[in-house]
Amino acid sequence: MAVTSAYKDGKMGMDNGKYVRYTPEQVEALERLYHDCPKPNSLRRQQLIRECQILSNIEPKQVKVWFQNRREKQRKEASCLQLVNRKLTAMNKLLMEENDRLQKQVSQLTKIAITDTNSESVVTSGQHHLTPQHAPQDASSAGLLSIGEETLTEFLSKATGTAMEWVQMQGMKPGPDSIGIIAISHGCTGVAARACGLVDLEPTRVIEILKDRPSWYRDCRAVNVLNMFSTGNSGTIELLYMQLYAPTTLAPARDFWLLRYTFALEDGSLVVCERSLNNTQNGPNMPPVQHFVRAEMLPSGYLIRPCEGGGSIVHIVDHMDLEPWSVPEVLRPLYESSTLLAQRTTMAAFCQLRHISQEVSQPTVAGWGRRPAALCALRQRLSKGFNEAVNGFIDEGWSMIESDGTDDVSLLVNSSPGKMDTNRSYANGFPSASSGVLCAKASMLLQNVPPVILLRFLREHRSEWADSGIDAYSAASIKVGSCSFPGSQAGIFGGQFMEVIKLENLGPYRDDMIIPGDIFLLQLCSGVDENAIGTCAELIFAPIDISFSDDAPLLPSGFRIIPLNSGTMMQDASSPNRTLDLTSALEVGPTGNRCSGYYSGYGGMGKFVMTIAFQFAYELHLQENVAAMAHQYVRSIIASVQRVALALSPSHFSSHAGFQRSPVTPEAQTLARWICLSYRCFLGVELLKPVIEGNESILKTLWHHADAVMCCSLKKLPILTFANQAGLDMLETTLVALQDIKLEKTLDDHGRKILCSELPQIMQQGFACLQGGICLSSMGRPVSYERSVAWKVLNDEETAHCICFIFINWSFV
């Protein structure tokens, strides 16, 4: 039987164990027959074959298998449609409830507006302050239950009622596949965030996940249940002590003394509500803990309602008073921003629920041959290790050995058992004699610096700030095995992604240090894409060996950048895909000018705090040497960051609106002239609109051309050598990193095939017009373009210098 195309999705017959592929005409005929009779018997199938001439060469057994596969496919499609329909029904119900709540809130605000402004209620911007006066209660079970029931009532009024005024966060569009409906408080005491959405998990499982706060809340150090008892109404009371990490070295950590009340409502919904216990309630007291500021949790919690057909509708309210008075005034926005609370706490809870739900429904192996749960554990270990280094708690074995009042670089050591596995050995027999860990950390305030661009620069240009000798020292404490290394990047978790980077330039240090094999960095990135503009951005990494075992010790180091002023918390990403070339700015300093309006999409017009922490394993007799090395290293990193920040600062930008400076070098000007002359020579038209004569004017016009223009070398493996601003934007890179990108890495399989077939024509005829397609940015994002033109660029001797491409009407998919 002739085979012209594969029939996908299981639409294949079988003959003696072999797959039989059908022609499109046969598939069309079978589909028509299936529509009339989806389950034909043997006689009917034979009749179909006789009556349909195009099926005459197909065996009845093959037709039987085809119909079986087609029915199975329809069952799967029906199941998927039912799932989507269930989600849409639940989301519609949720939106109707939200609409009713908003209507009640409008009605309440209307009544307030027409009442006497001298009434006894205290109103601010239409919002009642929730400060109920609790009667003194004892610490008995009955007294705690009374506090729990009051907490339940207040929590439900925030979650589903009009007790608070909520403002929906920008970019949070409701839908069956969205994180949820996210809102922040307006005019309330402290900071508050609220979310509601759907998850494909049963209510009891949702409760179990949300109660395990350290598993999904990166800022949560620990939650200890100090007492628990059951109530007479089938509820549960728990007394909790919770600690939160400080996000920066400039502020103390927070702790909470909480009551948690778990209760089942009459409609089958489950509720977990929490609040702080304080002296006004006359409940059990928890004395202050050294190095922690006691914060207050106002009535908060989780409402989980069962959804018809499975799954749950989840409501989350987080309401805290983080005591901003305890930190310097410049840092207080960190503790006064409801948006930051929503991003780091409320949305993190929903991301964890959705991640576990997807893992349950699709239990597949993820990146690096590991299951999603294993990758999640690695991610948590990196975050926790970095937070421990930033905070340096005494009860974890940290002690300070130096604090430089000049630049505030602090040095801490930790030689507690378990911090480093001192009994490890290398595969070649060399022992690992590390007896402790040293941490060098510092924080710095930055102003008018786009944190997204700054973090991207640190990630993409490690050589600009890292020292290969320090990398080699870190690598020397890593055990090396013999396993092959699988892959380079794992999946995305709630705006984060992990990747593995191979450390380069370690060759000169191999003779002086025990580095038996290749060394890599396991790196966690967050806040580096346009969807995270205005949020906390992190770059955390730890050296690993090629065996990469899940339980291997990790010493995370890295950077954290947090916006400080509320204006940067919620940015309109008007130019989310813009990138930056720092080359000229870093070299020439203030004269490398750029337009300040260029950064409006990055929220660069604000203040940020950047925290740096680096950890090193050391031997006891080398502590002083390692301390001096670490101190100097962090100082050099601070200087590098300040240099980059200066290049990015709009205070050094020119007032020439609308233009970013092109790389004005004689080579770039000459190449721009060659590009335009060759285009006119081979295609007979001008590439650019008429400009003032002069190489500098041609380069400037080409640099700001709306379409992406880029050149590649004529080597066996072509690399990119030049791109205009649109080209850099499309590739999401800079001129510095551009020359590390191979042309084939920017094309998909179809694009590579087309280029290979058209390359002879380009070299002989001088140009080729290519159809639209898909290419890839350096971040791995697909980019579509309407059409492309490639032409040979000739130099002044009329010999081929490179190949130039122009991608017309490109956009991110």
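At 23% relative accessibility, arginine 673 counts as partly exposed, and in this predicted model its side chain forms a salt bridge with aspartate 796, the closest N and O atoms being 3.4 Å apart. The pair joins distant parts of the chain, since arginine 673 belongs to helix α13 (residues 666–683) and aspartate 796 to the loop between β28 (782–794) and β29 (800–808), with the two positions 123 residues apart in numbering. Aspartate 796 is likewise assigned to the partly exposed class, its relative accessibility being 49%.

Under the distance criterion applied, 22 salt bridges were counted in the model. One of them connects arginine 32 with glutamate 28, for which the closest N and O atoms are 3.6 Å apart. Because these two residues are four positions apart in helix α1 (residues 24–36), about one helical turn separates them; glutamate 28 itself is partly exposed, with a relative accessible area of 48%. A further salt bridge is formed between the side chains of glutamate 686 and arginine 680, with an N to O distance of 3.0 Å. Both partners of this bridge fall in the partly exposed class, glutamate 686 at 47% relative accessibility and arginine 680 at 38%. Besides these pairs, a network of salt bridges links Lys211, Arg213, Glu238, Arg260 and Glu274.

The search for internal space, carried out over the whole structure, returned five cavities of 30 Å³ or more. The largest cavity has a volume of about 270 Å³ and is lined by 21 residues, those nearest its centre being Tyr217, Asp219, Leu322, Leu334 and Tyr335. Two or more lining residues are contributed by each of the elements β10 (253–264), α6 and α7 (338–361), and the largest share, four residues, is supplied by α7. By residue class, the lining of the largest cavity comprises 15 nonpolar, two polar and four charged residues.

Backbone geometry was also examined. Most residues other than glycine have a negative phi. In the model, glutamate 323 has a positive phi of about 55° although this residue is not a glycine, and serine 234 likewise shows a positive value, near 70°. Both residues are placed in loops: glutamate 323 lies in the one between β15 and α6, whereas serine 234 is found in the one between β8 (220–230) and β9 (236–244). The surroundings of the two residues contrast in accessibility, in that glutamate 323 has a relative accessibility of 17% and therefore counts as buried, while serine 234, with a relative accessible area of 69%, is exposed.

The loop between β15 (312–321) and α6 (333–336) also holds valine 330. Valine 330 is partly exposed, its relative accessible area being 31%, and this value lies over the 30% required of a patch residue. Together with Leu250 and Leu445, Val330 forms a nonpolar patch on the surface, and the three residues jointly present about 220 Å² of accessible area.

Definitions and conventions:
Residues are numbered from 1 along each chain as its sequence is written. This is a predicted model: local features need pLDDT of at least 70, side-chain atom pairs count only at pLDDT 80 or more; totals for chains, interfaces and linings use all residues. Side-chain values use heavy atoms; hydrogens and water are left out. Patches are made of residues with over 30% relative accessible area and no salt bridge: like charges are joined within 9 Å, nonpolar side chains (Val, Leu, Ile, Met, Phe, Trp, Tyr) within 5 Å. Accessible areas come from the Shrake-Rupley method with a 1.4 Å probe; for residues, only the protein chains shown count as cover. A salt bridge is a side-chain nitrogen of Lys or Arg within 4 Å of a carboxyl oxygen of Asp or Glu. Buried means under 20% relative accessible area, exposed over 50%, partly exposed in between (1.4 Å probe, protein chains only). On a 1 Å grid over the protein atoms alone, a cavity is a set of points where a 1.4 Å probe fits but cannot get out, and a pocket is an open set with protein on both sides within 12 Å along at least five of seven lines; lining residues have an atom within 4 Å of a point. Grid points are joined across faces, edges and corners, and a volume is the space filled by probe spheres set on the points. Ala, Val, Leu, Ile, Met, Phe, Trp, Tyr, Cys and Pro count as nonpolar, Asp, Glu, Lys and Arg as charged, and the others, Gly among them, as polar.
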